[in-house]
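Student: I've got a structure open and I'd like to learn how to read its helices. Can you walk me through it?

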Amino acid sequence: MKDVAALAGVGIKTVSRVINREPNVSSATIERVQSAADRLNYQPDIHAGNLRRSDRRTQTLGLLVGSVANPFSGAVHRAIEDAATARGVAVFASSLDDDPARERLAVTAFLKRRVDGLILTAVSKSQGYLLPEQERGTPIVFIDREPSGIDADAIVSNNAEGAALATRHLLERGHRRIAFLGDRHEIQTAVERRRGFLEELGRAGIPTGEAWVIEDLHDEHAAHAAVADILAGDSRPTAIFSAQNLITMGAIRGLRDRNLQSSVALVGFDDVEFGDLLDPGITVIAQDPDRIGHLAAERIFARLDGEDVPVEIVVVPTTLIERGSGEIAPTE
């Protein structure tokens, strides 16, 4: 902080006021301090001025999930909360919305509340900014996606293998024209599912460069529009692999708009609510969010209880559930 103050030509107290967003600081001063902090790559000590947590625990955890509106995240949250409640621990939860800035803001908010541990879904290119916190002794467990820039426990699904299984399932029913509908291309899980899809096509001798690969579909509406586009062409796919549950919902609507739900096969990654009640039922590669949440809670509490074991990446298997939509044979 002294170096930032010197470079900005202000006092240390002024730097502190800018960092803590206190009022009555001119915009010009804020700009100078922020510019100096950026040039020096300064990261504020979130715990500066706070009592060290070794004196007592707060009996709280910080939980960052993809979106509390997504059923997968909701199930993970519930499993963690159930385990925490049994130990008298409260869970502060926040949504990531796959926004790196929101990730940092949420983590900062958790740490200002002096949570005892962090369970995080992350989207930033690196989580190295958490190294100082880890060195202070705060246990960190990542869920859904493996971390980068920090060595920490993680609980994830076998995304590439699950995507390959979905693709193989369609290939075995005779499909050769399969469309892939994916989430944002920079998200780790989306990258892995795309890789599994393309590698399985390659193993079947299908040129991957000719496959329909449509990415950056982050919600039901975008997926609905994408399906409408690919079905409107002269040469359309005979099957769709939708690589995220909200994308699957959009694909279902897109197929039903054209009354093609019984003609174009569909396999989704991650289960969808009421998928078994539709006609045809929706075939999915189901994750196990309850197991992911349970293992994450188990690991964070083991760390809090002083367990000193090597960092581990735990991969939770996925399961193919056949319900009808993925068993439709090609008609063209």
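Tutor: Sure. Keep in mind that this is a predicted model. Let's start with one residue, Arg303, which sits in helix 11.

Student: Is Arg303 buried or exposed?

Tutor: The usual way to decide is by relative accessible area, and buried means under 20%. Arg303 comes out at 19%, so it counts as buried.

Student: Which residues does Arg303 touch, leaving out those up to four places away in sequence?

Tutor: Its contacts are Pro139, Asp153, Asp308, Val309, Pro310 and Val311.

Student: Now for helix pairs. How do I describe two that pack together?

Tutor: Two packed helices are described by the angle between their axes and by the distance between those axes. Take helix 4 (residues 71-85) and helix 11 (residues 289-304): their axes come within 7 Å and cross at roughly 40°. Angles under 35 degrees would count as roughly parallel and 65 to 115 as roughly perpendicular, and helix 4 and helix 11 are therefore oblique to each other. Their crossing is right-handed.

Student: Which residues make the contact between helix 4 and helix 11?

Tutor: Helix 4 supplies Phe72, Ala75, Val76, Ala79, Ile80, Ala83 and Ala84. From helix 11 come Pro289, Asp290, Ile292, Gly293, His294, Ala296, Ala297 and Phe301. By type, the contact residues divide into 12 nonpolar, 2 polar and 1 charged.

Student: Those numbers often step by three or four. Is there a general idea behind that?

Tutor: There is: an α-helix has 3.6 residues a turn, so residues three or four places apart point the same way.

Student: Let's try another helix. How does the span of helix 7 relate to what is expected?

Tutor: Helix 7 covers residues 159-172, which is 14 residues, and reaches 20 Å from its first C-alpha to its last. That is close to the 20 Å expected at 1.5 Å a residue. After helix 7 comes Gly174, with a positive phi near 100°.

Student: How many residues of helix 7 are buried?

Tutor: Of its 14 residues, 10 are buried, so helix 7 is largely enclosed by the rest of the structure. Among the buried ones are Asn159, Thr167, His169 and Leu171.

Student: Could you zoom in on one residue there?

Tutor: Try Gly162, which belongs to helix 7. Its relative accessible area is 1%, so Gly162 is buried. Setting aside residues up to four places away in sequence, Gly162 touches Phe269, Ile285 and Thr318.

Student: And how far is Gly162 from Phe110?

Tutor: Their C-alpha atoms are separated by 33 Å, and the two residues are 52 residues apart along the chain.

Definitions and conventions:
Residues numbered from 1 in each chain as written. Predicted model: local features only at pLDDT ≥ 70, side-chain atom pairs only at ≥ 80, totals over all residues. Heavy atoms only, no water. Helix = DSSP H or I, 4+ residues; strand = E, 2+ residues; numbered from the N terminus. Expected span 1.5 Å × (residues − 1). Buried < 20%, exposed > 50% of the residue type's maximum accessible area, 1.4 Å probe, protein only. Axes fitted to C-alpha atoms, helices over the stretch in contact; angles between N-to-C directions. Parallel < 35°, antiparallel > 145°, perpendicular 65-115°, else oblique. Left-handed = near helix turned anticlockwise from the far one by under 90°. Contact = heavy atoms within 4.5 Å. Nonpolar A, V, L, I, M, F, W, Y, C, P; charged D, E, K, R; others polar.
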